[in-house]
Amino acid sequence: MKSHARVVIVGGGIMGVGLLYHLALEGWSDIVLIEKGELTSGSTWHAAGQCPHFNGSLNMTKVHVYGTELYPKLEQLTGQAVSWHGCGGLRLAQTDEELNWLKYVEGISKLGGYEGEIIGPDEIKKYHPFLETFGLKAAFRTVTDGHVAPADVTNAMAAGARKLGAEIYRRTLVTDIKQLKSGEWQVITDKGTITCEHVVNSAGSYCDVVGAWTGHNVPIANMLHHYMITEPLQELIDLEMELPVVRDPYSHAYLREETNGILVGPYETETAHVCWDGEPPAWDFESELIAPELDRLTPWLERATERLPLFAKAGLKSIISGAITHTPDGVYLSGPAPGPRNYWMHCGASIGICQGGGAGKYLAQWMVHGQAEINMREFDPRRFGNWASKDYTAEVSIADYHHMYYCYKPAEQHEVGRNLRKSALHEKLKAEGAQFAQIFGWERARWFDKTGKGEDFSYRRSNWWEAVKQEALAVREKVGLMDLSTFAKFEVAGADAYAFLDRICANKIPKTGGIILGHLLNDNGFIESEITVTRLADDRFYVLSAAAAQLYDLDQLRWRIKPGERVEVKDVTDDYGVLVLAGPKARDVLAQCTRTNLDNAAFRWLTAQEIEVASVKGVRALRVNYVGELGWELHTPMADMPFVFDALMKAGATHGIRLFGTYAMNSLRMEKAYRGWGSELTSEIDMFEGAMERFIRLDKPDFIGRTASLNRKQQGERIKLTYMAVEAGDNDCRGNEPVYLNGKVVGLTTSGGYGFAVNKSLAFAYVEPRLAKAGQGFEILLLGERKKAQIIAEPAWDETNSRLKG
């Protein structure tokens with residue numbers, strides 16, 4: 001065994017091998033994979049090998065599509081045989097909301113680059129003559145997806161990686177990982193030790209154990225999953241075509257042809273559980289199965305025979321029951337682990353066979369080039385914090401498994417694993433009818449329901465509409481109050497704090513008391529983070545970012561500190577609660593609760609002061625907000641938040657104060673054309689493409705990404721962000737809807753919402769730069785209908801910012 005390598009990947013399943021192959025394709029040499037048994041001997045070998053295209057995420061769709069395009073070519077590329085079955089697929093819909101889902105995914109298919117169509121019940125028999133169509137409204141037919149033998153594609157990619165110079169050590173057990181003072185990683189095995197620059201945890205069912213060696217929390221659960229295969233059937237022997245893979249919400253199962261028999265894999269909606277009582281498998285567990293539990297599957301197997309009667313006509317040939325890894329949100333972990341650099345996660349895939357190729361490609365791009373060609377945020381392991389405990393992970397992963405074929409409507413979330421992080425106002429807001437959503441463990445109010453019914457989740461506008469309208473109009477016409485304690489909050493301090501922030505931020509750092517919107521770019525000039533920087537003193541700054549970016553931005557800040565730089569970054573997220581007070585009457589309300597002079601001359605827009613509110617000292621009052629009205633963010637010591645809240649509500653009673661949530665905030669920010677990190681602004685986009693030119697100061701002598709930004713500006717934009725009014729019906733843009741001009745796709749939306757104060761449906765969309773001009777018309781595909789849209793040049797509300805500055 002060699003003693004040094006550039007990269008060591010721990011784990012030889014399809015995820016680890018897929019990454020090894022693509023790192024080699026990207027040109028990296030001196031890369032090693034270590035597997036304790038044989039390749040595929042964990043969960044990969046017994047997987048069903050499904051490779052679907054149908055997916056509600058555009059980035060995940062790109063991962064899947066890449067795999068289905070790669071696998072049929074692997075034999076030619078590597079010389080290793082691969083048994084690919086490009087039989088297509090049918091996703092069945094039996095409710096109106098499931099049909100809406102199919103219509104939304106139809107738009108994703110146009111952007112993701114695969115052939116798909118919605119067909120009616122009468123057409124299904126044309127593609128699957130044995131399927132019963134009772135209760136169905138439609139099916140989504142995909143043409144080029146299918147299934148593959150997992151060991152074939154894994155070993156083919158391994159062969160390709162070896163040909164490109166990668167090394168694979170089988171029958172070698174990794175026993176520990178340590179970081180050296182140099183920043184390198186030491187991978188200790190039973191056959192020697194390798195020191196490397198990068199280490200990748202791709203250990204499958206053991207990835208949480210491997211992560212624990214270095215203090216990393218890896219939220220995966222090993223779920224017990226079954227599928228069974230019948231003896232051959234004469235009907236299938238005689239059939240000239242191969243049946244498409246069916247995904248059926250009625251039986252909660254996938255149904256397909258396999259060696260002239262029928263394969264059925266149910267995801268039971270109750271009784272599912274983790275393997276081995278939640279403990280990791282033994283180290284010598286290899287190429288083994290777990291005792292099947294057929295009794296618990298009976299209801300779903302019976303339904304499968306109703307949907308596909310052919311399943312009942314033959315005896316069972318084999319029963320596969322084994323562990324598959326599952327994360328709480330069903331999405332694999334791929335990207336940097338929080339903390340020290342160059343420890344990567346690449347694990348937790350529950351549909352790993354389809355994803356192994358694409359997941360490996362895009363993580364390899366990230367490792368080699370500093371970013372991938374797709375937005376990797378939904379895969380980033382740092383979307384989970386330490387609040388994702390082992391019990392939480394098991395509970396929510398089981399719920400996610402139970403809902404594998406359930407149609408989650410927009411904004412609908414799991415009901416388990418909740419109330420992990422709550423602001424000091426949680427119970428007060430709950431008493432006011434707050435409808436909470438979970439974001440990075442926090443409970444945050446979406447809207448306030450006075451009826452007690454709760455939200456009717458839907459792809460179309462539903463029972464929240466009128467309440468949210470009143471919340472938004474209260475902010476525009478009177479005054480609103482919102483709990484936004486979920487902000488990620490950091491203090492940056494030290495003798496070099498100013499120089500540090502000036503070096504990492506594209507915008508100019510403010511004078512003491514000032515506030516700026518800043519962006520952290522990578523070396524390629526693309527947007528990594530969006531932050532708000534408030535200068536509390538010459539050497540002390542208060543930095544805010546998105547709730548979901550807490551660990552991500554903590555890394556972004558700490559990783560950019562140079563050796564010897566006198567600066568400290570401290571996470572103070574839990575120390576402060578945040579109240580957003582906004583609206584024409586905001587000054588009148590706050591004035592009743594503080595002695596501070598709030599006049600424009602004394603407290604200007606985009607400035608901050610530490611004030612006393614309702615006898616609570618140390619309130620950081622920032623005259624800035626995300627709704628585009630006169631107002632303040634009041635960053636209050638968390639324990640004192642209820643006192644400030646009560647005082648503001650009492651003072652605001654005569655002014656018509658109203659609580660508002662994130663639904664209203666989205667409406668308000670759309671009216672002001674405020675961009676969102678993670679939607680409009682991502683690591684795929686530069687500042688010019690994102691129409692953020694006013695926030696990048698190219699006249700600064702140097703900042704991270706400046707040289708690349710200058711080059712990108714000279715090269716010209718590939719795409720351009722635009723702001724549109726949409727002639728929508730009963731639903732608004734959510735993001736990733738295709739934009740058409742003259743019948744051709746020329747762009748895609750990134751987010752949208754209805755502006756109640758302007759009575760317009762609004763959206764952001766990226767389009768070809770030549771089309772990004774005011775008045776240009778388009779069509780946007782919204783739930784199967786093309787709706788007219790037109791670019792508008794200025795924000796729909798208060799384009800001069802006079803209300804903010806008032």
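In this predicted model, D456 and K453 are joined by a salt bridge whose closest N and O atoms lie 2.9 Å apart. The two partners differ in how much of their surface is open: D456 is partly exposed, with a relative accessible area of 31%, whereas K453 is exposed, at 59%. D456 falls into the intermediate class because its 31% sits between the 20% that bounds buried residues and the 50% above which a residue counts as exposed.

A second pair takes us to residues with less accessible surface. R503 and E565 meet through their side chains in a salt bridge, with an N to O distance of 2.7 Å. This contact ties together distant parts of the chain, 62 residues apart: R503 belongs to helix α14 (residues 497-504), while E565 lies in the loop between α15 (550-559) and β27 (568-571). R503 has a relative accessible area of 15% and is buried; E565, at 18%, is buried as well. Both assignments follow because buried means under 20% relative accessible area.

The side chains of D686 and R712 provide a further example, with 2.8 Å from N to O. Here too the salt bridge links distant parts of the chain, with D686 in the loop between α18 (662-671) and α19 (706-715) and R712 in helix α19 itself, 26 residues away. Both of these residues are buried. Elsewhere, E38, R170, R171 and E286 are joined into one network by salt bridges that share partners. Altogether, the model contains 42 salt bridges.

Turning from side chains to the backbone, an open sheet is built from 6 strands with mixed pairing, and their order is β29-β30-β31-β28-β22-β32. Its edges are formed by β29 (608-613) and β32 (658-659), each of which pairs on one side only. Within the sheet, strand β30 (residues 616-622) runs antiparallel to strand β31 (residues 631-637), and 3 bridges connect the two. One residue pairing can be picked out by name: L622 has E633 of β31 as its bridge partner.

Helix α17 (residues 641-652) packs on this sheet. The strands touched by α17 are β22 (480-483), β28 (576-582), β29, β30, β31 and β32. Readers who like to check geometry may start with β28, since the direction of α17 makes an angle of about 15° with the direction of that strand.

Definitions and conventions: Residues numbered from 1 in each chain as written. Predicted model: local features only at pLDDT ≥ 70, side-chain atom pairs only at ≥ 80, totals over all residues. Heavy atoms only, no water. Pairing = 2+ DSSP bridges. Helix = DSSP H or I, 4+ residues; strand = E, 2+ residues; numbered from the N terminus. Contact = heavy atoms within 4.5 Å. Axes fitted to C-alpha atoms, helices over the stretch in contact; angles between N-to-C directions. Salt bridge = Lys/Arg side-chain N within 4 Å of Asp/Glu carboxyl O. Buried < 20%, exposed > 50% of the residue type's maximum accessible area, 1.4 Å probe, protein only.
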